[in-house]
Amino acid sequence: MENEREKVFTTIKKEEWDLVIIGGGITGSGIMREAVRRNIRTLLVEQRDFSWGTSSRSGQLVHGGLRYLEQGNFKLTFKSVRERGRLLHELPGLVDTFGLMMTFYKGSWFRQLIVRLALLVYDIMSWNFRKHKFSVKDLIKRVPNIDQKNLVGGLLIYESVTDDSRLAFRVLQQAREEGGVAVNYCKVNNLLKDKNGVCGVTIEDMCNGDKLDVYAKQVINATGAWVDILRKNIKKTNQKHVRPLRGSHLVFSADRLPVSNSIVLIHPISKRPGFVMPWEGRVIVGNTDIDHTTDLSVEAAITQDEIDYLLENVQYHFPTLSVSRDDIIATFSGVRPVVDSGKADPSSESRDHVVWQEDGLLSVTGGKLTTFRLIALDALKKAQKLLGPLPDLDQEQTFFTPLEKATVFTGKLEGKRLIRLQGRHGNQAVELVNIAKAGELEEIPGTLTLWAELRWAAKNEAVVYLEDLMLRRTRIGLLLGQGGKEFLPRIREICQPLLEWNDDKWDLEEQQYLETWQRCHSVNGI
Ligand code: FAD
């Protein structure tokens, strides 16, 4: 009998495709969702795991982008504020409001003025006027460990926090429910061409090396930081190139870095803003923004210099906590695709997205997690040249299927845990709860993740390797010491039968996962 992955390949071979999307991050997933709702037969292929690229390594913010406003980019801020509102409304439990505190010290009156003006514009854009100003006394109540020398007050910004990988997967899931087909660990190595330009792709199954040609009216290159690699197959390229910028984060326990709020931390030397933020029961510190010169085929990892830079910022702003490298639970690094304009300072490069057609290949890159829906609509507008006219590209429908009002959870799961689960799984949360065994609706210690989420993912979420389960379907590899090694025996008990792995396979998976974790998520860095 065919397993789920084999069934997907049978479908790929059998169907005729209108659209092939290369790249299974938030951009590719968003395009697939907007395409299938317009009855476009769509296939998405991802070389590694879904959201393996930048979409599982971001700052976890769904944000309007106050920084973009300060840079005068009103359009991007306005669009982001609108999309943030939409996601907050549609995905409570996965996208939630939180307060981001900016602290001010003596001599910063001009910066304060700029931020207050920016916040006024921000409030007008979202048509939501809230209290921002905090006196020193109120600020210290909220953030007791902050450096208080010369502190003059704070401003609270309202933003939203998410789990980026789950957000990307939720979008992908929505697209699949409506007929889209997606497969992970399938790499596009070659573009197929006819006299009109690109007409398909050769995909390679990275699990067994099988190759397959797939034809489509339109091929979309949504490979983020990798976008230029496929363009090498095109003769007539334009001048656009991606400048890969790496951003890294540190993860701490809330005991060592107790913050109830997110706080903007201006780095004492570079003067760049960083932040500290409660996330999934832990606290993350971010982020760097530097040119990524490593080969893109190698998974991004933090460097020792980045660790020092981020630690320096925390130590400067929380001098009494004596935070050190020993307190770091995990690290994660992502590569931001920004379109190169040759600016000396990486942080000054525009974060807007770009879409362009070249010889039948539509490339989409840049932008933000927050604006994925707008990026998708923009891409589809340009794809109409080959796909033909598409209905209602400007419509304002809900993006996700609304929750059914069933109360089947009563007595099993309530309150925040339930909302969190529904945000991540929509109506499938009902079945997730129903298949949970005794004790599996409890949280894995040190995280907000339920044991049942592992069972669900192993059974239903295209897990190919153990790292997919530990780092992306759940985030426990980033939240627990040593990548959650201590819990692997119980995880094995739950997941091994569902993944149909024999003992040798499980042992190998554990070994490979722990090696990847050491290389890319420990403090060892490069
Ligand atoms: P990716 O997620 O990288 O997806 C591209 C995919 O293409 C990859 O998974 C890759 O494996 C695949 N691929 C490549 N080549 C091939 C091939 N040949 N065949 C098949 N598949 C292929 N945005 C926000 O809104 N909020 C934030 O707080 C935020 N913080 C950020 C912090 C950092 C440090 C960084 C780096 C980015 C941040 N961003 C943030 C930006 C956001 O994360 C990215 O814009 C977004 O994730 C890009 O998604 P994508 O789908 O375009 O790219």
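**Pockets, cavities and helix H7 in a predicted model**

The lining of the second largest pocket comprises 17 nonpolar, seven polar and 16 charged residues. Here Ala, Val, Leu, Ile, Met, Phe, Trp, Tyr, Cys and Pro count as nonpolar, Asp, Glu, Lys and Arg as charged, and the others, Gly among them, as polar. The model is predicted: local features need pLDDT of at least 70, side-chain atom pairs count only at pLDDT 80 or more, and totals for chains, interfaces and linings use all residues. Residues are numbered from 1 along each chain as its sequence is written, and side-chain values use heavy atoms, with hydrogens and water left out.

The second largest pocket holds about 1,200 Å³ of space. Its lining has 40 residues, and Asn3, Glu4, Arg5, Glu6 and Ala462 lie nearest the centre. Pockets and cavities were found on a 1 Å grid over the protein atoms alone. A cavity is a set of points where a 1.4 Å probe fits but cannot get out; a pocket is an open set with protein on both sides within 12 Å along at least five of seven lines. Lining residues have an atom within 4 Å of a point. Grid points are joined across faces, edges and corners, and a volume is the space filled by probe spheres set on the points. Helix H1 (4-14) gives the most to this pocket lining, with eight residues. Elements that each supply at least two lining residues include H7, strand S9 (197-205), strand S10 (211-221) and helix H16 (488-499).

The protein chain contains 17 helices and 18 strands. These are DSSP runs numbered from the N terminus: helices are H or I with at least four residues, strands E with at least two. The radius of gyration, taken over C-alpha atoms, is 23 Å; the globule rule (2.2 Å times the number of residues to the power 0.38) gives 24 Å for 526 residues, so the chain is as compact as a globular protein of that length. Of the 526 residues, 60% count as buried. Buried means under 20% relative accessible area, exposed over 50%, and partly exposed in between (1.4 Å probe, protein chains only). Among contacts (heavy atoms within 4.5 Å) between residues at least 6 apart in sequence, 71% join residues at least 24 apart.

Helix H7 (residues 164-177) is mostly covered, with 12 of its 14 residues buried. The cover includes helix H2 (26-36), strand S2 (42-45) and helix H10 (372-387). The end C-alpha atoms of H7 are 20 Å apart, which agrees with the 20 Å expected at 1.5 Å a residue, the expected span being 1.5 Å times one less than the number of residues. Gly179 follows H7 and has a positive phi, near 110 degrees.

Four cavities reach 30 Å³ or more. The largest has a volume of about 80 Å³. Of its 13 lining residues, Trp52, Trp226, Glu299, Ala300 and Val335 are the closest to its centre. The lining divides into six nonpolar, five polar and two charged residues. Leu296 touches Trp226 and Val335, as well as Ala225, not counting residues up to four places away in sequence. Leu296 lies in the loop between strand S15 (290-291) and helix H9 (304-317). Its relative accessible area is 16%, so Leu296 is buried.

Glu509 lies in helix H17 (residues 503-521). At 3% relative accessibility, Glu509 counts as buried. Beyond its neighbours within four places in sequence, Glu509 is in contact with Tyr465, Leu466 and Trp501.
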